[in-house]
Amino acid sequence: MKVHNFSAGPSILPDFTVEKTAEAIKNFAGTSLSLMEVSHRSKEFVAVMDEAISLFKELLSIPEGYSVLFLGGGASTQFCMIPYNLLGKKAAYLNTGAWANKALKEAKLFGEVVEVASSKDTVYNYIPKGYKIPSDVDYFHITTNNTIYGTEIKEDLDVNVPLVADMSSDIFSRPVDVSKYALIYGGAQKNLAPAGVTFVIVKDEILGKVDRQIPTMLNYQTHIDGESMFNTPPVVPVFAALQTLQWIKEQGGVSAMQIRNEDKAAVLYDEIDSNPMFKGTVINKEDRSLMNICFVMNDEYKELEKDFYEFATAKGMSGIKGHRSVGGFRASTYNALPKSSVQALVDCMKEFKNIHVK
């Protein structure tokens with residue numbers, strides 16, 4: 001039976017990435033050594049790092065004056081590094097989910113934080129709009145895609161202060177105008193690579209403006225100067241990220257990814273909206289994520305939620321259970337997920353309806 005991987009992360013990767021990484025783990029670049037045991041300063045791995053950074057810049061059309069970093073520590077470490085490096089007196093945060101809320105909490109350790117808007121009161125089921133950003137903040141932080149709640153900011157915001165974005169779960173899913181951002185970051189274990197590496201795109205000129213001393217490892221300039229090799233980088237995830245970047249380029253780039261993702265999401269959202277057993281959890285359709293599609297059973301079928309989960313799992317649907325904090329179901333439709341998997345889930349939903357709705 002084919003297994004369809006809808007996991008929210010660590011999540012599905014392209015077959016190309018898995019196969020090439022597996023080969024390199026056995027024999028990396030003809031060295032007869034495993035990728036897991038080579039020096040990160042060997043010429044073979046330095047070439048991997050250089051190409052990964054170059055492809056990152058190419059695929060996202062990153063302008064001059066920005067650095068791309070591959071770091072450890074996950075996006076959660078960035079919740080600290082960002083205010084450590086950028087927050088002088090005051091920062092603004094948009095609270096759209098659990099991870100946005102955690103980033104906001106960390107920033108409060110470094111200075112005043114203004115929560116410009118929040119959807120927490122309704123379990124984060126929409127993206128706030130119409131808020132005002134104070135003109136005197138050092139930066140404004142957003143989380144573009146909220147994996148737990150299935151909401152997404154699908155446009156590059158125009159703001160008059162430095163814009164910082166957590167794009168952990170939607171990077172490379174659509175074209176991004178990087179020039180509108182001061183810093184973009186994310187954990188790689190959604191759309192890019194296995195867990196263990198974090199990407200940061202930072203505008204060089206925003207650094208060096210805070211008065212505090214910054215610990216060496218938490219200073220972005222350290223890693224810019226060290227070309228992401230100040231300390232030993234997560235070698236295997238970086239190699240896997242390069243394979244995914246090569247795959248994206250071969251597929252037609254991020255514009256092609258966006259077309260595919262919109263198509264996949266439309267198929268599943270159409271079924272959710274038309275099937276009387278299910279309903280989406282996001283109240284505004286324009287806020288619906290293309291990466292994490294969240295839904296629940298309609299009230300009159302609520303008692304069948306466990307039955308549907310078991311039915312779908314038996315049909316090969318893996319990772320569709322909603323986050324433990326909200327329940328229901330979540331189908332993560334990242335770049336590497338084929339449309340055939342989405343169609344398999346839709347067929348499963350239709351079959352379950354035919355059994356229970358007369």
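A: UniProt positions are given in the numbering used here, and an annotation may be inferred rather than shown by experiment. The model itself is predicted.

Q: Which residues does the UniProt annotation "binding site" cover?

A: In an unreviewed entry, UniProt lists Ala75, Ser76, Trp99, Thr147, Asp166, Gln189, Asn231 and Thr232 under "binding site". These positions span 158 residues of sequence and are also spread in space, with up to 30.4 Å between C-alpha atoms. From this set, Ala75, Ser76, Trp99, Thr147, Asp166 and Gln189 belong to the lining of the largest pocket. The unreviewed entry also places a "binding site" feature at Arg41. Arg41 sits in the loop that joins helix H1 (15-26) to helix H2 (43-59). Leaving out residues up to four places away in sequence, Arg41 touches Val46, Met229 and Phe230.

Q: How should I read the largest pocket, and what is its volume?

A: A pocket is an open set of grid points, and a residue lines it if one of its atoms is within 4 Å of a point. Here the volume of the largest pocket is about 330 Å³. Its lining is made of 17 residues, and Trp99, Thr147, Ser168, Gln189 and Lys190 are the ones nearest the centre. Helix H3 (residues 74-86) supplies the largest share of this lining, 3 residues. Sorted by class, the lining holds 5 nonpolar, 9 polar and 3 charged residues.

Q: Where does the largest pocket lie relative to the domains?

A: Start from the domain assignment, which gives domain 1 (4-11 + 252-356) and domain 2 (15-251). Because both domain 1 and domain 2 give residues to the lining, the largest pocket lies between them. The centres of the two domains, taken over C-alpha atoms, are 27 Å apart. In contact with each other are 34 residues of domain 1 and 31 residues of domain 2.

Q: Is Trp99 buried, partly exposed or exposed?

A: Buried means under 20% relative accessible area and exposed means over 50%, with partly exposed in between. Trp99 has 35% relative accessibility, so it counts as partly exposed. Trp99 is part of helix H4 (residues 98-107). Its contacts, not counting residues up to four places away in sequence, are Ser76, Phe79, Thr147 and Ile148. Ser76 and Thr147 also appear in the UniProt "binding site" set.

Q: How does Gln189 read on that scale, and which residues does Gln189 touch?

A: Gln189 has 24% relative accessibility and therefore counts as partly exposed. Gln189 is in the loop between strand S9 (183-187) and S10. Beyond residues up to four places away in sequence, Gln189 touches Gly9, Pro10, Ser11, Pro194 and Ala195.

Q: What does the second largest pocket look like by volume and class?

A: The second largest pocket holds about 280 Å³ of space. It is lined by 16 residues, and Asp138, Pro162, Ala182, Ile206 and Lys209 are the closest to its centre. The class split of this lining is 9 nonpolar, 2 polar and 5 charged residues.

Q: How does a cavity read, and how many cavities of 30 Å³ or more are there?

A: In a cavity, a 1.4 Å probe fits but cannot get out. The count is 1 cavity of 30 Å³ or more. The largest cavity encloses about 30 Å³ of space. Ile12, Pro14, Lys190, Asn191, Thr244, Trp247, Tyr334, Asn335 and Ala336 line it. By class, they are 5 nonpolar, 3 polar and 1 charged. Domain 1 and domain 2 each provide at least three residues of this lining.

Q: Is Asn335, a lining residue of the largest cavity, buried or exposed?

A: The relative accessibility of Asn335 is 2%, so Asn335 counts as buried. Asn335 is located in the loop between strand S14 (329-332) and helix H9 (339-356). Not counting residues up to four places away in sequence, Asn335 touches Ile171, Phe172, Ser173, Asn191, Trp247, Ile248, Met257, Arg260, Asn261, Lys264 and Met291. Among these contacts, Asn191 and Trp247 also line the largest cavity.

Q: Where is Gln213, and is Gln213 buried or exposed?

A: Gln213 is in the loop between strand S10 (198-203) and helix H5 (220-225). Its relative accessible area is 76%, so Gln213 is exposed. Gln213 and Gly186 are 27 residues apart along the chain, and their C-alpha atoms are separated by 24 Å.

Note on methods:
Residues are numbered from 1 along each chain as its sequence is written. This is a predicted model: local features need pLDDT of at least 70, side-chain atom pairs count only at pLDDT 80 or more; totals for chains, interfaces and linings use all residues. Side-chain values use heavy atoms; hydrogens and water are left out. On a 1 Å grid over the protein atoms alone, a cavity is a set of points where a 1.4 Å probe fits but cannot get out, and a pocket is an open set with protein on both sides within 12 Å along at least five of seven lines; lining residues have an atom within 4 Å of a point. Grid points are joined across faces, edges and corners, and a volume is the space filled by probe spheres set on the points. Helices (H or I, at least four residues) and strands (E, at least two) are DSSP runs, numbered from the N terminus. Ala, Val, Leu, Ile, Met, Phe, Trp, Tyr, Cys and Pro count as nonpolar, Asp, Glu, Lys and Arg as charged, and the others, Gly among them, as polar. Domain bounds come from an automatic or database domain assignment. Buried means under 20% relative accessible area, exposed over 50%, partly exposed in between (1.4 Å probe, protein chains only). Contact means heavy atoms within 4.5 Å.
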